[in-house]
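Biologist: I would like to learn how to read a few features in a model. Shall we go through them one by one?

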Amino acid sequence: MGQVSKSYITEEEWQTRCDLATAYNLASLFQWTDLIYTHISARIPGQENRFLINPFGLHFHEVTPENLVKINLEGEILSKSDYGINPAGLVIHSAIHSARPDVGAIVHLHTINGMAVSALQDGLLPISQAACHFYGKIAYHDYEGIAVHKDEKQRLIKDLGSKNVMILRNHGFLTAGSNVAEAFTKMYTLEKAAQVQITSLSMGLPIVIPSEAICEKVVEDTGKRGIKNAEIEWQALKRLIPSKQESISLQAKLKPASLTHLTKKPSLMQSQKVDQNQRRTANDRPL
Ligand SMILES: [Zn+2]
């Protein structure tokens, strides 16, 4: 375990923790997990060299805003944690977070669909609308074994370049975005595209591939919607995790200073939620 120091949570860090924990819980809901492996990370706004990642040893459904681990680009643990971090997570995520300041979040998964397509020489084929989203936008990185060696970082960075989607050959998928919403929804579409490709190819019948011009048109049209749609999609996805959503929306509404000035007497259940959020929003809460 790296160096541990006390830190204090800002509103931005708390919101990032909520979004990131929701991403882990959703990945579990969608059965995108691989035991305790793979990782989703998010850079903390205002703390550019620090990011959050999952505690190594917990299943994705067990990840909460509180137990996410804060680390720096060197992998030093900066928040109190009963867990370490996955060394492979550090190599992949710290490499990209350090080289790409525009990347706020990264999703890396070993889904069956992702691993299957990653093993194909031609990678993802533009044979569905979902796949056409990524036409000409996918980077490929050759398999080098378990990603625990620091020297792989430079090759990961070089292969990703300025793209936000990477197929790690014989390994899995990786998506990046300016925030958790963008990286996660991109992964959703990529995973869907892989699923369609596997299903289509399994029929053993001739495949229709749209023209290059059509594929480029899809990229242009979807690019216009960009982050705006990702945000709307993310709000819908968050509603799939009701308890988390409830806590997040309360968190967003109740600023610490306003908690003592609630005019409406809360019900017993609401009181419990307020107490919970009061603890969570306190700026001096060590984590
Ligand atoms: Zn991996």
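Biologist: What is the handedness of the crossing of α2 and α5?

Modeller: This is a predicted model. The crossing of α2 and α5 is right-handed.

Biologist: How is a pair of packed helices described?

Modeller: Two numbers serve: the angle between the axes and the distance between them. Here the axes of α2 (residues 87–99) and α5 (residues 152–160) come within 9 Å and cross at roughly 55 degrees. The two helices are therefore oblique to each other.

Biologist: Which residues of α2 and α5 meet?

Modeller: From α2 come Val91, Ile92, Ala95, Ile96 and Ala99. From α5 come Glu152, Lys153, Leu156, Ile157 and Leu160. By class, this contact has eight nonpolar residues, two charged and no polar ones.

Biologist: Now the strands. Is β4 enclosed or open?

Modeller: Five of the five residues of β4 (residues 105–109) are buried, so the strand is largely enclosed by the rest of the structure. Look at both faces. Ala105, Val107 and Leu109 are buried on one side. Ile106 and His108 are buried on the other.

Biologist: In which sense does β4 pair with β1 and with β7?

Modeller: With β1 (residues 39–44), β4 pairs in the antiparallel sense over four bridges. Ala105 of β4 is the bridge partner of Ala42. With β7 (residues 172–177), the sense is also antiparallel, over five bridges. There, His108 stands opposite Leu174.

Biologist: Next, a loop. Where is His133, and is it buried or exposed?

Modeller: His133 sits in the loop between α4 (129–132) and β5 (138–141). The cut-off for buried is 20 or more C-beta neighbours within 10 Å. His133 has 21 inside 10 Å, so it counts as buried.

Biologist: What is His133 in contact with, beyond its neighbours within four places in sequence?

Modeller: Its contacts there are Thr189, Val218, Val219 and Thr222. Consider Lys186 too. His133 and Lys186 are 53 residues apart in sequence, and their C-alpha atoms are 9.3 Å apart.

Biologist: Last, backbone angles. What sign does phi have in most residues other than glycine?

Modeller: Negative, for most of them. Gln31 has a positive phi of about 60 degrees and is not a glycine. Gln31 lies in the loop between α1 (11–29) and β1. It has 9 C-beta neighbours inside 10 Å, so Gln31 counts as exposed.

Biologist: What is phi of Asn170, and where is this residue found?

Modeller: Phi of Asn170 is positive, near 60 degrees. Asn170 is in the loop between β6 (165–168) and β7. With 13 C-beta neighbours inside 10 Å, Asn170 counts as partly exposed.

Definitions and conventions. Residues are numbered from 1 along each chain as its sequence is written. This is a predicted model: local features need pLDDT of at least 70, side-chain atom pairs count only at pLDDT 80 or more; totals for chains, interfaces and linings use all residues. Axes are lines fitted to C-alpha atoms, for helices over the stretch in contact, and angles run from 0 to 180 degrees between N-to-C directions. Angles under 35 degrees count as roughly parallel, over 145 as roughly antiparallel, 65 to 115 as roughly perpendicular and the rest as oblique. A crossing is left-handed if the near helix is turned anticlockwise from the far one by less than a right angle, and right-handed if clockwise. Two residues are in contact if their C-beta atoms, placed from the backbone, lie within 7 Å. Ala, Val, Leu, Ile, Met, Phe, Trp, Tyr, Cys and Pro count as nonpolar, Asp, Glu, Lys and Arg as charged, and the others, Gly among them, as polar. A residue is buried if 20 or more other C-beta atoms lie within 10 Å of its own, exposed if 12 or fewer, and partly exposed in between; C-beta atoms are placed from the backbone. Two strands pair if DSSP finds at least two bridges between them.
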